[in-house]
2 protein chains.
Amino acid sequence: MSQAIQHNSEVTMTRHEDFLRAAEALRPALSSRAYPPQAVIDAHVDPQAIFGWRAQPVSTPEALYQRELTSGDSFIIDFGSHYVGYLSFACSAVGSPPDAPAHLHFTFGETLSEVCEPFSEYQGWLSSSWLQQQDLWLDVLPAEVNLPRRYCFRYLKVEVKAVSQKFRLRVGQIRLNAVTSASETCLPGTATDPQLQAIDRVSVVTLKNCMQEVFEDGPKRDRRLWLGDLRLQALVNDVTFTHHDLVRRCLYLFAGHTREDGMVSANVFVQPDVIADDTFLFDYSLFFVDVLYGYLQSTGDSATAQQLWPTARRQVELALTRCDDAGLVRDSDDWWVFIDWQASLNKQAAAQGVLIYCLQRAIWLAERFEPELAAALGDRLQALKAAAQRELWDPERGFFVSGAGRQVSWASQIWLVLAEIGSAEQRREIMRNLRENPPAIAMNTPYLRHHFVAALLQCGLRDEAIAEIKAYWGAMVDYGADTFWEIFDPEQPDFSPYGSKLINSYCHAWSCTPAWFIRQYGL
Amino acid sequence: MSQAIQHNSEVTMTRHEDFLRAAEALRPALSSRAYPPQAVIDAHVDPQAIFGWRAQPVSTPEALYQRELTSGDSFIIDFGSHYVGYLSFACSAVGSPPDAPAHLHFTFGETLSEVCEPFSEYQGWLSSSWLQQQDLWLDVLPAEVNLPRRYCFRYLKVEVKAVSQKFRLRVGQIRLNAVTSASETCLPGTATDPQLQAIDRVSVVTLKNCMQEVFEDGPKRDRRLWLGDLRLQALVNDVTFTHHDLVRRCLYLFAGHTREDGMVSANVFVQPDVIADDTFLFDYSLFFVDVLYGYLQSTGDSATAQQLWPTARRQVELALTRCDDAGLVRDSDDWWVFIDWQASLNKQAAAQGVLIYCLQRAIWLAERFEPELAAALGDRLQALKAAAQRELWDPERGFFVSGAGRQVSWASQIWLVLAEIGSAEQRREIMRNLRENPPAIAMNTPYLRHHFVAALLQCGLRDEAIAEIKAYWGAMVDYGADTFWEIFDPEQPDFSPYGSKLINSYCHAWSCTPAWFIRQYGL
């Protein structure tokens, strides 16, 4: 997730050194594995192809290694799948001794379009510094080169910007040294349906490539630990790599640097030191409770849960202060809650749903670690649920409404269904109504789409859930996705909320959840 | 010196491991010294200023270090003089935690124009890879950065290509870590004339900045050991840093990798291994004799001279095979001899001069190390001198002529005067005639200009030599040169033989000889 809103950096923060030490002790080892190029390709403009470009193999890597390259030459390599890692290669001179530096330019792409469309024309509103490229001057040849930065790519374009007329270049031993903190072994998939099997495989690769020193949201961008992504990654991790210590480490990281009032940040930086971002989101902070709940469910590690319970409790306390006398979460116009990338979405109702959803889990935790608190929290829960049904339910329309404008959106329905407002039959009816009378305020991200599928499954609408997974994630697979994308609008696959598809993340944690649905629900 | 002619790389070469070991044992230690910025400047187009740009100080480095830089910001630093070395600096983020990489671009200039005129528009015929620039992406801030490549610069332009909207950059502790193998101490200058003192100082800085692991021709370009440059550097070294072991090392390097027939190359690469270039030049190979002669004169190191005498002798033998029955060096149209950057120059006469000049020194060496050879070499010398006077002297014009077209040029007069053809009075008359009836084929490089001054002094025309030094090298000093330039035409200071002044070397060994004239001749 990226956002350009200027936040107040005057927030006073508190470090919790014991938590930070615990997080540091859990820093995972990264395994590294070298992958050779699969093919040398040409790229052709093709309006029918995803993102407008089609690859055509033109030679083997071995043939490339025989080429003598001079100024103006270039080639594109296809590594066959999406990886996160480091580039290494050998470079030597042919002809006279090299009498000038060799100037090379590297462009890395998760998609073919990134290595075909010039970054110089990028006009999006996220920093162009995310675009993956590198200039390199080799003063001494032959050279064995290890580019120092980590990149996220399937495609690599190499351009020989300049050599002298007295020598040519030859490259060899190109390797993508892929890194991950996911273990070599992964629980086997459970699907029997071939399309679901394929979706499951892509989900697992997506999660694996996001598993680094933390659960990153996207290894190309933002390369960072976001609480909303962590929550979904922890689910998929439970049924695949079962690297529970990485979830534990991330919980300690969020708990280790909080706002003075105890609120956990929406995301945390871990280099060079652990620093919580100054972005605080109502829903993301509350999700700390849900991740802790899930961690305890998966591991039975009461000691950790007990240690982190006060942090979780604090998120609920802070969220409850935002409720008005009627028991409703107060709305506002600033960037206070995420829910979805959707400027026109009124987020009050969905936020109400998130609070109720997390409060239910907080009560379960309170019963274990602070039972004297459970009853009071239970009262608040009932008040919030009653207020939602009383103030937000519009029986005429058969939908929940949100905000002063009584807006109807997909997000409001999804989250209040997940919060289990009203009867099971009412909720099933809402889910059907969504299909029959789709609100104009639609779902924009795979992140909200996840919650839609979760709501379907919670309502027992299993076939509808499978159909949605196949229609949405299956479409990405059909487009050739190696990993699931941050953004995907089936009607407009080129869409970017950032003004350029080049800056979209094409391996994004919040899109990897089909594997959880498939395995957890035996789809 | 750079040239784009395609040479035959099929030449068979021979390695002389004992010489290469001797060279390796003499590899000098480099001293490093950190220089802070002197000023932050703005650059303005100014047709009156050298190279078209004028600097204006706008702030102190301390004020720069307080600035908060965002995308699109840039600054130019003036280090106050020319240095060769490495850039280091600190960079930190201001505002929210940095949520995107910081993309910086660095441009290094020996001259102001290099950091002002976009390299993207460079159209010269030398490889653009020489243009000094670097892209940098900082993934983690704060950072202490040491750029890995060596640069050659007084001016540094830093552009903030992209950060996110959530943070700005602050830079600090910018340092130019200058390296040289010249000693801290240098013999004091001898000039009393203030202009000559200034010229002497710039000469010494030029030599110092070219003294690295070898005597480089120019630390920006070609950063390489050329025999023609070495010969002039050894002269200046004798009267300044007296780092005789560096001369010795360079002699071993040339002797260590020769053509199968024993010819030494015009230049030698030393990284990653010692490899002689496949460029062989009649004059440059012969200069091995002169450098060895000078080394023995300066050091009395007979052991080294004796060891290298066979290599020197071999250059003379090979050169003599190029003489015809009349005793004249045969002309040809390929790139066989350097003399000057001058496409229209016929080089036969000058080459005759170089051969005679070096043969004289070979005889002096032969008398010490192979006396039985001296008489025969003396006979060849007399024949060559007689042929020059008989075949090349045109008494009508009062000039030597060259080639089938009987061309009159400055270079032919200079080299046959240095070869001491004809009487002392005849030679003085030629030097006067050059001034009164200047040939159209003029001097193009400071390298040939050096030999002109040398010829004047050899003829006892001391005042004319001083006037020439002041008019030529003094003009560069007046233009603000910190070091002397590879190319300088007082009539056209922007001239480049490479199609762009941006690629000229502005610290060039072959231009550093005024210090030798001044000190050696007590000017």
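Modeller: Strands here are DSSP runs of at least two residues. Two of them pair if DSSP finds at least two bridges between them. The model is predicted.

Biologist: What makes β11(A) and β13(A) a pair?

Modeller: Two bridges join β11(A) to β13(A), residues 267–269. The rule asks for at least two, so the strands pair. They run antiparallel. A:W226 stands opposite A:N267 in β13(A).

Biologist: Why is β11 of chain A, at 225–226, called a strand?

Modeller: The run covers residues 225–226. A strand needs at least two residues, so this run qualifies.

Biologist: Which strands share a sheet with β11 in chain A, and in what order?

Modeller: The order is β11-β13-β14, an open sheet of three strands with antiparallel pairing. The edge strands are β11 and β14 of chain A.

Biologist: Why are β11 and β14 of chain A called edge strands?

Modeller: Each pairs on one side only.

Biologist: What holds strands of a sheet together in general?

Modeller: Backbone hydrogen bonds pair them, in parallel or antiparallel fashion.

Biologist: Now chain B. How do you know that β13(B) and β14(B) pair?

Modeller: Two bridges join β13(B), residues 267–269, to β14(B). At least two are required, so the pair counts. The strands run antiparallel, and B:V268 stands opposite B:A276 in β14(B). Chain B has an open sheet in the order β11-β13-β14, with β11 (225–226) and β14 (275–276) at the edges.

Biologist: What makes B:D139 and A:R149 a salt bridge?

Modeller: Their closest N and O atoms are 2.6 Å apart. The cut-off is 4 Å, so the pair passes. Between chain A and chain B the count is eight salt bridges.

Biologist: How many residue pairs are in polar contact across the interface of chain A and chain B?

Modeller: The rule finds 18, both residues being at pLDDT 80 or more. On the side of chain A that touches chain B, β7 (133–138) and β14 (275–276) of chain A each give two or more residues. β7(A) gives the most, with four. By class, that side has 19 nonpolar, 16 polar and ten charged residues.

Biologist: How many residues of each chain are in contact?

Modeller: 45 residues of chain A meet 45 residues of chain B. They count as in contact because heavy atoms come within 4.5 Å.

Biologist: What is the area buried between chain A and chain B?

Modeller: About 3,400 Å². Carbon and sulfur atoms give 50% of that area. The value is summed over both chains, so it is not a figure per chain.

Definitions and conventions
Residues numbered from 1 in each chain as written. Chains lettered and ligands numbered in written order. Predicted model: local features only at pLDDT ≥ 70, side-chain atom pairs only at ≥ 80, totals over all residues. Heavy atoms only, no water. Buried area = accessible area lost by both parts, 1.4 Å probe. Salt bridge = Lys/Arg side-chain N within 4 Å of Asp/Glu carboxyl O. Polar contact = N/O pair within 3.5 Å; in protein donor to acceptor, adjacent residues only side chain to side chain. Nonpolar A, V, L, I, M, F, W, Y, C, P; charged D, E, K, R; others polar.
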